[in-house]
Amino acid sequence: MDVIQGIKKSAAISMATRTLNPQYIICDEIGGKEETDEILSAVNTGVYFICSAHCESLDQLYKRPNIKILIENGIFEKLVLIEHKNTEFYIKDIAYV
């Protein structure tokens, strides 16, 4: 497993796609335009993504313009809303897209 840190996510996605030949890329807190463009580009090379984006509901997630682009382009198979209560995490909702 390779970890890239200390640079912009969009640059890390591009670098990983070109040099590491990954099957999967895991990204925390996506949502920017540059990240969206790099994710769309990387998927065209056969890379799968596991990503997080902070929101209160799936409806709120769909309203984020760059996330909406990724969803509409079929980047994700499912969206999982995880809720944190006290010291535990729960699956609050799952949407198959």
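The following dialogue considers two helices and two pockets of a predicted model.

Visitor: Why is helix 1 called roughly parallel to helix 2?

Guide: The axes of helix 1 (residues 9–19) and helix 2 (residues 33–43) cross at roughly 15°. Angles under 35 degrees count as roughly parallel, and therefore helix 1 is roughly parallel to helix 2. The two axes come within 8 Å, and their crossing is left-handed.

Visitor: Which residues make the contact of helix 1 with helix 2?

Guide: Helix 1 contributes Lys-9, Ser-10, Ile-13, Ser-14 and Thr-17, while helix 2 contributes Glu-34, Glu-35, Glu-38, Ile-39 and Ala-42. Contact means heavy atoms within 4.5 Å. By class, three of these residues are nonpolar, three polar and four charged.

Visitor: What makes up the lining of the largest pocket?

Guide: The largest pocket, with a volume of about 910 Å³, is lined by 30 residues. Cys-51, Ser-52, Ala-53, Leu-79 and Val-80 lie nearest its centre. Strand 2 (48–51), helix 3 (58–62), strand 3 (78–85) and strand 4 (88–96) each give two or more residues to this lining. Strand 3 supplies the largest share, six residues. The lining has 20 nonpolar, four polar and six charged residues.

Visitor: How is the lining of the second largest pocket divided into nonpolar, polar and charged residues?

Guide: That lining has 13 nonpolar, no polar and three charged residues. The second largest pocket holds about 400 Å³ of space. Among its 16 lining residues, Asp-2, Val-3, Ile-4, Ile-25 and Ile-26 are the closest to its centre. Helix 1 and strand 1 (24–27) are the elements that give two or more residues to the lining of this pocket.

Methods:
Residues numbered from 1 in each chain as written. Predicted model: local features only at pLDDT ≥ 70, side-chain atom pairs only at ≥ 80, totals over all residues. Heavy atoms only, no water. Axes fitted to C-alpha atoms, helices over the stretch in contact; angles between N-to-C directions. Helix = DSSP H or I, 4+ residues; strand = E, 2+ residues; numbered from the N terminus. Parallel < 35°, antiparallel > 145°, perpendicular 65-115°, else oblique. Left-handed = near helix turned anticlockwise from the far one by under 90°. Nonpolar A, V, L, I, M, F, W, Y, C, P; charged D, E, K, R; others polar. 1 Å grid on protein atoms, 1.4 Å probe; cavity = no way out; pocket = protein on both sides within 12 Å on 5 of 7 lines; lining within 4 Å. Points joined across faces, edges and corners; volume = space filled by probe spheres on them.
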